[in-house]
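Good morning, and thank you for the time. I should like to take you through one structure, beginning with a single helix and then turning to two contacts.

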Amino acid sequence: MSDRVPRWLLLLVAIAVIALLPLVFTGNYWRGILIVCALNVLLAMGLNLVLGYCGQLNLGQSAFYAIGAYASTLLVMKAGWPFWIAFAAGVVLAGLFGAILAVFGTRLRGHYLGIASLGFAVITYQLLINWIDLTEGPLGIYGIMPPPPITLPGLATIDFSNQATLFYLIGGTAFLIYVLLANLVRSPIGETLRAIREDEVSAASLGINPQKWKVFAFAVGAAIAGIAGGFLPPFVGTLSPDLFQIVESFTMMAMVIVGGMGTMAGPVIGAILLTVLVEVLREFGELRLMVYGVALALVVLFMPGGIVQGWNALTASLAGRGSREGTKAERAR
Amino acid sequence: MSELILIAQGLHKRFGGVHAVADISLGIPRNVIYAVIGPNGAGKSTLLNLLSGVYQPNAGSLTFEGRDLAGLRSFDRVGLGIARTFQKIRLFKNLSLVENVLAGFHNHHRIPPWQYLIPGAARRADRDRCLGEAHELLKLVGLDARADQRAGSLAYGQQRMLEIARALATRPKLLMLDEPAAGLNASEVEFLLGRLRELKSRGVTLVVVEHNMDLVMRVSDHVFVMDHGEYLFDGLPAEVQKNPKVIGAYLGAEFA
């Protein structure tokens, strides 16, 4: 987040934190929450590419999550594919549906695109419930195995049947995706996406085809949701449509907005904060779901840029002019 | 006259019942400053939107360097070397000045695809080259000292200059400016005039839609006059100034 700390150091710290987390939180309950955090970080990062960087309202993220989950699981259980190939197919399929939705949906803008993508999520959810021959419907699919052990010849066998290694797998993937996305949004492609977010007509006057790049953002964002989807069933052990209710799309959006749209750290912070907060408040029953609404309302009212921008503004006003220039330089990078 | 870079023949554009551009034909010679003038509502901006591809004409043809522009959208035409600015300023207000200009290099990056995800030498070299060029362009329009500021924080006249720098990043052969002097004070107009001459000396062909007659008369090589969407007159600035039809269109028939 700052120029003063070298990037490689931040990456090392992140790796150390991911490595230490399951050692600090030893119970299966908390390790499970760690995994849910990592899944939500993936989902929020994918959504942020579309919503935060490209400026397109996307309420269909829960559908891409579902496509990744169902495609990979069904390919393993009904077609007998090896796990990792089925996993990759689920990711590709989710990305493909993201692209298809964008090809048709991005003729619409703003709220209309939001409604179209929401419609896509509704249709997907209804298909999961009603296409019983394929999905087993509301009863769900049971007995889903964890990812098969990976054997490193001469070294060790990594067994994913315990929560710690499963967290290393999913958290490590989230970390990898974070690094790749951070590189992407700092590249000229990031400049292109931000240009479309700021002003499409202007972007087109610079040779940017807005439609093409919106499709790109939707496809990549959906594929990342597909990755989270591929990890979900082996973690839970079961798969049912209620994991992909429409409200999940709004939950992911709340994570992105609360953390800070259009920043790399924002969705990570938002996803972890809201996931943990909801767990901590579990004793309050369904009331705990109000956390999303309340957090969203508070952020929109008092910190429209989310936690990351709020933090930047705070440190800038504390440190005075010097660091304000610093945050600008960071934005310019 | 030298070779024509852009040729329009019989352009028509209708919006419902309004004939915004009616049967306009023109030929723009290479490396001139070509002014398009006319009273409010004459169809100048519509013509510019037709040339830049924001609108497609209802009838007529357009060729740029001998190439038919029919059906090419604005972003396609940028690739051929046609750039523009907007009458109502359309900057990326939340991005810095240098980021605004960098976005204009969209078609000019040389980075192997995988380096978008894992930066390597080619991406760093591209970054250095583009940053260098961006600062050069900001210098050209007198804004390099503010490179890291938000574009939205600039004064109005500076925003117009930034839009020109951003359009230049696309490396246009033909640059079309929609009322670049609108809202500028006298000293800013002088600066703009100097920049237009500088761009011409660098080989850029300029189309300038403008209301500031002093600027038009001093800087342009050729003036094209429209009124009510139609062709009225075209010629050298001095000829236009004396033409009774033009005077009549601006001041009313009794002055002609």
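In helix 1 of chain B, residues 44-52, 8 of the 9 residues are buried, so the rest of the structure largely encloses this helix. Buried means that 20 or more other C-beta atoms, placed from the backbone, lie within 10 Å of the residue's own; helices (H or I, at least four residues) and strands (E, at least two) are DSSP runs numbered from the N terminus. Among the buried residues are B:Lys44, B:Thr46 and B:Asn49. Just after this helix, B:Gly53 has a positive phi of about 95°.

A word on the basis: this is a predicted model, in which local features need pLDDT of at least 70 and side-chain atom pairs pLDDT 80 or more, while totals for chains, interfaces and linings use all residues. Residues are numbered from 1 along each chain as written, and chains are lettered from A and ligands numbered from 1 in the order written.

Next, the contact between the chains. Chain B contributes 30 residues and chain A 24, contact meaning C-beta atoms within 7 Å. On the side of chain B, helix 2 (74-80), strand 6 (82-84) and helix 3 (97-103) each give two or more residues.

Finally, within chain A, helix 3 (residues 61-77) packs against helix 10 (residues 210-236) at about 50°, with axes 7 Å apart. Axes are lines fitted to C-alpha atoms over the stretch in contact, and angles run from 0 to 180 degrees between N-to-C directions. Among the residues that meet are A:Phe64 in helix 3 and A:Leu232 in helix 10.

Note on methods. A residue is buried if 20 or more other C-beta atoms lie within 10 Å of its own, exposed if 12 or fewer, and partly exposed in between; C-beta atoms are placed from the backbone. Two residues are in contact if their C-beta atoms, placed from the backbone, lie within 7 Å.
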